[in-house]
Structure formats: structure tokens, C-alpha cells
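Student: Hi! I have a model open and would like to walk through it with you. Can we start?

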Amino acid sequence: MKQITGIQRMQKHCTGLKVQGEKIGFVPTMGYLHEGHLSLVKRSKKECSITAASIFVNPAQFAPHEDFDRYPRNINRDIKLLRKLDIDILFTPKTGEIYPEPFLTSILVDEITTIGEGVSRSRHFQGVNTIVAKLLNIVQPSVLYLGQKDIQQAVILKKMIQDLNMPTAVKLCPTIREKNGLAMSSRNIYLSPKGRKSAAALITALRAAKKMIKSGERDCKKITKKMEAAFDRFPEAKIDYILCADFESFKPVFVFERRAIIAIAAYVGNVRLIDNVILSPQGK
Ligand code: AMP
């Protein structure tokens, strides 16, 4: 595994690989890797001739009151995990080179960034879009691997790539979960043992929604109510939002008629967790 830090060096290296006809699969991450991240890497390894991953905790996607400074980091452990998977390139750029002063550009994808995660994290997606666009320009991958865990982010990035005619395909990979159903996340480290139990509220609510849809319910308001009720058993967990959105457009839906996403965000203490399911009207 080649570890590259300089932007120019990375861009040159990837350009060379492209000229040689290699198919580059790319997995951008903020590090503190878990099986969720590694599943994306494994998928890329299966489908591409070169797999590149990046580790960069992107300050531009954190609001001032959020957890940028205390976001978990362990680069040595991450390097070991990626070496074990035998990936080709690890890109670990420096913040100063990514955002030279003054940095004045940011990519706004309209409409679908103002609902769901966009409500409580207003400039978050602009930060995500900008860093991913920069990374795509540097790595020039044929395929970008994203996790369903961050479904709104994936829909937005797909739209950005389409709208800006970027020559990269997007592959969405399933959410990897812990034994109790909790979606794996670098932030799960913040949870106390009691908090981990309360965090099961999210998957419990999503499973309740799935069951209702399977038995024929189509009214999103009723489904949301049932999900809220599922939280009664977990008093430490507080819902931030529940959103039913169209799978293609991410526009809110009120009646379940086509493939849709049910997304949820909740606080367990001061830890904010997100999760979602993608469902057809048959509940599959
Ligand atoms: P992050 O390091 O949180 O920015 O995540 C990097 C990539 O890993 C994103 O595409 C995430 O959606 C994906 N990811 C994070 N957690 C999971 C998970 N539990 N299962 C699958 N993919 C995940």
C-alpha cells in the first residue's frame, strides 16, 4: 500500500494509473475505520483494478458547535486495517494544502440539502460536496463507493456528480450493523454501555416501520407515529427527525407508492445518530 500525502503527487500518480488503463475505485473516509468502511473497500477491491481510500477529517463539514476537535482519530490503526486488506493507495492530505487561504469555493446542491440532515446541519452538505469534488478531481476514480448509512449524503453527491458531468459512477453499499442492529459509525465510540442499549431505538423504530409497510400501510404520517411510539421504550433516546423521502429525488413523500427512504436521526445523550432503510411499497 502506497501512502500519499501531497495533492500533486496523488493527482500525478492517479493520472498515470488512468493512462495505463486502470480502473480506480475510491473510498473517501474520515478515518477511525470500522467494518462499514472496510465493506466499501472490499467491494472496490472486487470490482476495480486499483483501490484508493482517503482519510481526511474535513473541518468544512462541521459546524462550530460540532465535534471536529474530538472526532475520533487513530491513523496508525487505520493504516494497519487498510494494509491488511491490501489496498493500493491511501491518500492522507493535510488540511492546509486542501484549504489554502483564502479558500472561497463551495458547492451547493439545492433543495435536497435543506431537509433531513440539512435542517440541523445547515452548511454540512456544502462542506461534504466541496471536499468530495476536490477528492474526485485529485483521484479521478471510475467508481466512487458510498455507504447507505449516510443515504442523504449519497443522494446529494450522486446529484452533484450528475449535474457537474463528473466522469465517475456511484455505487451505494449496504449499511453494516453491530450485532444489536446499531449501524456502525465512528461516533459510536462516544456511547456509554447504557447509551448503546438506548441507541437500539433507531433500528427498533425502522423495523416497526418496515413491518407496517409490509402489512399494507401506506400513510407516512401513521408510519412516523408508530416509529415515535417505538422510542417510548428508550427514554434516553430523543428523536431529532423522521423523514420519508423518495429514493430517486429525496423529496419528502406522504404516501408510500414507490421505492422510498425512511431516515431517522436521534440523540442519545449528546451523541447524534442517524440510520435509514430503503423500502419498496411491498416492504422489501
Ligand atoms: P465517514 O468516515 O463517516 O465519512 O464515512 C465514509 C464512508 O463510509 C461513507 O460513504 C459512509 O456512508 C460509509 N459508512 C459509514 N458507516 C457505514 C456503515 N455502517 N455501513 C456502510 N457504510 C458506512
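Tutor: Happy to. Keep in mind that this is a predicted model. Let's begin with a loop residue: Phe250 sits in the loop between β7 (237-246) and β8 (260-268).

Student: Is Phe250 buried or exposed?

Tutor: Phe250 has a relative accessible area of 2%, so it counts as buried, the cut-off being under 20%.

Student: And what about the phi of Phe250?

Tutor: Phi is positive there, about 60°, although Phe250 is not a glycine. For context, most residues other than glycine have a negative phi.

Student: I'd like another example. Where is Asp86, and what is its phi near?

Tutor: Asp86 belongs to the loop between α3 (75-84) and β4 (89-91). Its phi is near 60°, again a positive value in a residue other than glycine.

Student: OK, on to peptide bonds. Is the one from Glu101 to Pro102 cis or trans?

Tutor: That bond is cis, and its omega is near -15°. In general, most peptide bonds are trans.

Student: Which loop holds Pro102?

Tutor: The one between α4 (95-98) and α5 (117-120). Leu104 is found in that loop between α4 and α5 too.

Student: Why does Pro102 count as exposed? And Leu104, buried or exposed?

Tutor: Pro102 has a relative accessible area of 62%, and exposed means over 50%, so Pro102 qualifies. Leu104 also counts as exposed, at 75% relative accessibility.

Student: Got any distances to help me place these two?

Tutor: Sure. From Pro102 to Ala154 is 28 Å, C-alpha to C-alpha, with their positions 52 residues apart in sequence. Leu104 and Asn129 are 25 residues apart in sequence, and their C-alpha atoms lie 14 Å apart.

Student: Switching to helices now. How do α8 and α9 pack?

Tutor: Helix α8 covers residues 193-214 and helix α9 covers residues 220-230; they pack at an angle of about 145°, and their axes are 8 Å apart. The crossing of α8 past α9 is right-handed.

Student: Which residues make that contact?

Tutor: On the α8 side they are Thr204, Ala205, Leu206, Ala208, Ala209, Met212 and Ile213. From α9 come Lys222, Ile223, Lys226, Met227 and Ala230.

Student: How does the contact of α8 with α9 split by class?

Tutor: There are nine nonpolar residues, one polar and two charged.

Student: What comes before α8? I was looking at Ile189.

Tutor: Ile189 is in the loop between β6 and α8. Apart from neighbours within four places in sequence, Ile189 is in contact with Tyr32 and Pro72. Its C-alpha is separated by 17 Å from that of Leu202, 13 residues away along the chain.

Student: Last topic, pockets. How much space lies in the second largest pocket?

Tutor: About 340 Å³. The second largest pocket is lined by 17 residues, and the closest to its centre are Val155, Lys158, Lys159, Phe247 and Glu248.

Student: Which elements give two or more residues to that lining?

Tutor: Those are α7 (151-163) and β6 (169-173). The largest share is from α7, with seven residues.

Student: And how do the lining residues of the second largest pocket divide by class?

Tutor: Eight are nonpolar, two are polar and seven are charged.

Student: Great, thanks! I'll go back to the viewer with that.

Methods. Residues are numbered from 1 along each chain as its sequence is written. This is a predicted model: local features need pLDDT of at least 70, side-chain atom pairs count only at pLDDT 80 or more; totals for chains, interfaces and linings use all residues. Side-chain values use heavy atoms; hydrogens and water are left out. Axes are lines fitted to C-alpha atoms, for helices over the stretch in contact, and angles run from 0 to 180 degrees between N-to-C directions. Helices (H or I, at least four residues) and strands (E, at least two) are DSSP runs, numbered from the N terminus. A crossing is left-handed if the near helix is turned anticlockwise from the far one by less than a right angle, and right-handed if clockwise. Contact means heavy atoms within 4.5 Å. Ala, Val, Leu, Ile, Met, Phe, Trp, Tyr, Cys and Pro count as nonpolar, Asp, Glu, Lys and Arg as charged, and the others, Gly among them, as polar. On a 1 Å grid over the protein atoms alone, a cavity is a set of points where a 1.4 Å probe fits but cannot get out, and a pocket is an open set with protein on both sides within 12 Å along at least five of seven lines; lining residues have an atom within 4 Å of a point. Grid points are joined across faces, edges and corners, and a volume is the space filled by probe spheres set on the points. Buried means under 20% relative accessible area, exposed over 50%, partly exposed in between (1.4 Å probe, protein chains only).
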